[in-house]
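Here is a plain walk through one protein chain, for someone meeting it for the first time. Have a look at the model, then read on.

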Amino acid sequence: METNSEKEVLLNPGCESVVDDEERRRLLWLMAEYFRTIGYSDIKARLPGFMPPPVLSGTIEDHRPDFTCRQSDSARTPIILEIVTPGMVEDPTAENRWSLLASAAKLYNAELHFVVPKWSTNGPVDPALKRRLSRMELTVNRVWTV
């Protein structure tokens, strides 16, 4: 028998409390530890042991960001962070998700950050991601390569 949260995940992929993909989860752990180390607060991550970020309601689909936190500046500027693996860069289903994250960043005066692996068997990931985000006309504050 399924619980309500299990039904919600089946109906709304991208809303899971914990990231399934091992590569994405590894990058997410690195970023969560980094931001915690530099003193950012209100850290929420789609990782075991963390409070997950809230689900964002979109017109087409709902999505849960991979990671959110607040910077240590005087405005406590929020960050919305998305992990992107090489296989996701050209995934057509990512457009709705990334557009929703960009809209939420504007709405909440947050910074939108993307994280990609430094190396993949197909070469660097960040140039391809930056081209795709540019084609989508999304404003991104930073693309991290880790």
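## Around Ile-80

Let's start with Ile-80 in this predicted model. Leaving out residues up to four places away in sequence, Ile-80 touches Pro-65, Phe-67 and Thr-68, then Leu-101, Ala-104 and Ala-105, and also Ala-110, Glu-111, Leu-112 and His-113.

## The nonpolar cores

Ile-80 also turns up in the largest nonpolar core, a group of 23 residues. Together with Val-84, Trp-98, Leu-112, Phe-114 and Leu-129, Ile-80 is among those with the most contacts inside that core. Which elements each supply at least two of the core's residues? They include the helices α3 (94-107) and α4 (126-135), along with the strand β4 (111-116). Of the contributors, α3 gives the most, with seven residues.

There's another core too, lying apart from this one. That second group has 18 residues, and Tyr-40, Phe-50, Val-115 and Trp-144 are among them. As a general background point, nonpolar side chains in soluble globular proteins tend to be buried together.

## A pocket that Ile-80 helps line

Now for some empty space. The second largest pocket has a volume of about 270 Å³. It is lined by 15 residues, and those closest to its centre are Pro-54, Thr-68, Pro-78, Ile-80 and Tyr-108. So Ile-80 appears here again, by the definition of a lining residue.

Three strands, β1 (41-45), β2 (67-70) and β3 (78-83), each supply at least two residues of this lining. What kinds of residue line the pocket? By class, eleven are nonpolar, three are charged and one is polar.

## Salt bridges, buried and exposed

The model has a count of eleven salt bridges. A good one to look up is the pair Asp-66 and Arg-46, whose side chains meet at 2.9 Å, N to O. Both residues sit in the loop between β1 and β2, so the pair ties together parts that are 20 residues apart in sequence. Are these two partners buried or exposed? Asp-66 is buried, with a relative accessible area of 0%, and Arg-46 is buried as well, at 2%.

This pair also belongs to a network of salt bridges, which links Asp-66 and Arg-46 with Glu-16, Arg-24, Glu-82 and Arg-97.

Another bridge joins Arg-135 and Glu-90, with the closest N and O atoms 3.6 Å apart. Arg-135 lies in helix α4, whereas Glu-90 lies in the loop between β3 and α3, so this pair ties together parts that are 45 residues apart in sequence. Here both Arg-135 and Glu-90 are exposed.

## Two residues with positive phi

Next, a look at the backbone. Asp-42 is not a glycine, yet it has a positive phi of about 50°. Asp-42 lies in strand β1 and counts as partly exposed, with 40% relative accessibility. The side chain of Asp-42 also meets that of Lys-44 in a salt bridge, at 3.1 Å from N to O.

Asn-109 is the other case to look at: it isn't a glycine either, and has a positive phi of about 50°. Where does Asn-109 lie? You'll find Asn-109 in the loop between α3 and β4. Asn-109 is exposed, with a relative accessible area of 64%.

## Two spots in the loops

Thr-85 lies in the loop between β3 and α3. Thr-85 is buried, with a relative accessible area of 8%, because anything under 20% counts as buried. If you set aside neighbours within four places in sequence, Thr-85 is in contact with Asp-21, Glu-23, Arg-24 and Pro-117. One of these contacts, Arg-24, is also part of the salt-bridge network described above.

Glu-61 belongs to the loop between β1 and β2. Its relative accessible area is 34%, so Glu-61 is partly exposed, falling between the 20% and 50% cut-offs. Not counting residues up to four places away in sequence, Glu-61 touches Asn-96 and Leu-100. The chain also brings the C-alpha atom of Glu-61 to 9.0 Å from that of Gly-14, although the two are 47 residues apart along the chain.

Notes. Residues numbered from 1 in each chain as written. Predicted model: local features only at pLDDT ≥ 70, side-chain atom pairs only at ≥ 80, totals over all residues. Heavy atoms only, no water. Core = buried A, V, L, I, M, F, W, Y, C linked by side-chain atoms within 4.5 Å. Buried < 20%, exposed > 50% of the residue type's maximum accessible area, 1.4 Å probe, protein only. Helix = DSSP H or I, 4+ residues; strand = E, 2+ residues; numbered from the N terminus. Contact = heavy atoms within 4.5 Å. 1 Å grid on protein atoms, 1.4 Å probe; cavity = no way out; pocket = protein on both sides within 12 Å on 5 of 7 lines; lining within 4 Å. Points joined across faces, edges and corners; volume = space filled by probe spheres on them. Nonpolar A, V, L, I, M, F, W, Y, C, P; charged D, E, K, R; others polar. Salt bridge = Lys/Arg side-chain N within 4 Å of Asp/Glu carboxyl O.
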